[in-house]
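Visitor: Please take me slowly through the empty space left among the atoms here, and then through whatever surrounds it. I would like one connected account rather than a list.

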Amino acid sequence: MAMEALVSGKIPIISAKGTSFGLWGSTGFSLITIVDGTEENALALRNRLGFQVDFTRYNVPGFGSFAVDRASIIVNPEVMVSTAKERLKWMAGIGAEFNGYFLAQLQEGSSSPVDNEFIDQSRRRILPFISGGIQYDLRYDFRLHIFLRQMLLDAFRDNTALYLRGNADKPDLKLNQQPTYFGFGLSYFFGADRD
């Protein structure tokens with residue numbers, strides 16, 4: 001069993017239609033268990049249950065930065081495949097993000113109202129994803145995890161448009177968030193075999 005701290009940025013490789021968002025990012029903590037196969041070079045299963053806070057910033061001309069912060073529970077089982085190097089393993093899996101708390105607001109003291117109830121009704125509660133990466137075993141029970149995670153659905157339903165100026169002809173902001181997360185984690189395994 002291990003504790004892991006993760007940090008990631010995000011890019012819109014498979015972007016939903018809408019206003020572009022910033023590259024930063026998310027952070028979180030996870031509990032990890034690894035179930036090793038019984039035979040040499042057998043597959044292992046890496047299970048991750050974590051808490052993540054996602055920070056999304058949209059630049060709205062005339063208003064500055066519009067922020068949507070989300071807190072989620074992450075469930076991510078992954079298969080681990082051994083490589084020719086004993087300390088290095090490939091990982092691939094599928095998982096889900098369960099959306100909980102969120103906060104949407106304009107930055108820099110804007111007085112324009114933000115319809116948080118509309119945004120709350122427009123967001124998806126469960127977001128599936130695929131993940132992949134590598135794990136490298138460091139010394140003293142520490143392991144480095146480099147990962148990519150592609151969200152399979154937009155965090156907001158289609159046509160989640162905000163009219164901050166009250167002009168119904170053209171939205172000031174179309175919320176979208178279907179990023180590819182890229183980042184790393186550092187984990188410490190309790191009771192692992194030392195080098």
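Guide: In this predicted model, there is one cavity of 30 Å³ or more, and the volume of the largest cavity comes to about 90 Å³. Its lining is made of 15 residues, and those closest to the centre are L6, S26, G28, Q52 and R149. Such a space comes to light because rolling a probe the size of a water molecule over the atoms shows where empty space is left. Looking at the strands around the largest cavity, one finds that β1 (2-11), β2 (24-35), β3 (44-60) and β7 (142-151) each contribute at least two residues to its lining. Among these contributors β2 gives the most, with five residues. As for the chemical character of the wall, the lining of the largest cavity counts six nonpolar, seven polar and two charged residues.

It is worth staying with β2 for a moment, since G25 also lies in that strand. The peptide bond that leads from W24 to G25 is cis, with omega near -10 degrees, so that a reader following the backbone through β2 will want to look at this link, where G25 has its place in the strand.

Two further strands of the lining, β1 and β3, are also joined by a charged pair, K10 standing in strand β1 and D54 in strand β3. The side chains of K10 and D54 meet in a salt bridge, with 2.8 Å from N to O, and the pair connects distant parts of the chain, the two residues being 44 apart. Because buried means under 20% relative accessible area, K10 at 0% relative accessibility counts as buried, and D54, with a relative accessible area of 0%, is buried as well. More broadly, side chains of opposite charge can pair when their charged atoms come close.

This pair belongs to a wider set, for the count of salt bridges in the model comes to eight. Beyond single pairs, E4, R46 and E78 are linked in a network of salt bridges. Elsewhere D120 forms a salt bridge with R123, with the closest N and O atoms 2.7 Å apart; here D120 counts as partly exposed at 25% relative accessibility, whereas R123 is buried at 8%. In another pair D137 meets R143, the closest N and O atoms lying 3.5 Å apart, and both partners are buried, D137 at 15% relative accessibility and R143 with a relative accessible area of 18%.

The loop between β6 (126-137) and β7 holds Y140, and D141 is placed in that loop too. Both residues carry a positive phi although neither is glycine, the value being near 60 degrees for Y140 and near 70 degrees for D141. Their surroundings contrast, for Y140 is exposed, with a relative accessible area of 58%, while D141 is buried at 8%. The strand that follows this loop, β7, is one of those that supply the lining of the largest cavity, which brings the account back to the enclosed space.

Besides that cavity, open space can be considered as well. The second largest pocket holds about 160 Å³ of space, and ten residues line it, those closest to the centre being K17, D154, D158, N159 and L175. By class, its lining divides into three nonpolar, two polar and five charged residues, to be set beside the six nonpolar, seven polar and two charged residues that line the largest cavity.

Turning last to the surface, M1, M3, L31, L49, F51, I73, V75, F98, I126 and F190 make a nonpolar patch of about 920 Å². The elements that give two or more residues to this patch are β3 and β4 (64-82), and β3 therefore appears both here and in the lining of the largest cavity. One member of the patch, V75, has its place in strand β4, and at 34% relative accessibility V75 counts as partly exposed. Taken together, β3 supplies residues to the lining of the largest cavity, carries D54 of the salt bridge with K10, and gives two or more residues to the nonpolar patch.

Terms used
Residues numbered from 1 in each chain as written. Predicted model: local features only at pLDDT ≥ 70, side-chain atom pairs only at ≥ 80, totals over all residues. Heavy atoms only, no water. 1 Å grid on protein atoms, 1.4 Å probe; cavity = no way out; pocket = protein on both sides within 12 Å on 5 of 7 lines; lining within 4 Å. Points joined across faces, edges and corners; volume = space filled by probe spheres on them. Helix = DSSP H or I, 4+ residues; strand = E, 2+ residues; numbered from the N terminus. Nonpolar A, V, L, I, M, F, W, Y, C, P; charged D, E, K, R; others polar. Salt bridge = Lys/Arg side-chain N within 4 Å of Asp/Glu carboxyl O. Buried < 20%, exposed > 50% of the residue type's maximum accessible area, 1.4 Å probe, protein only. Patch = residues over 30% accessible without salt bridge, like charges linked within 9 Å, V, L, I, M, F, W, Y side chains within 5 Å. Areas by Shrake-Rupley, 256 points an atom, 1.4 Å probe, with all protein chains shown as cover.
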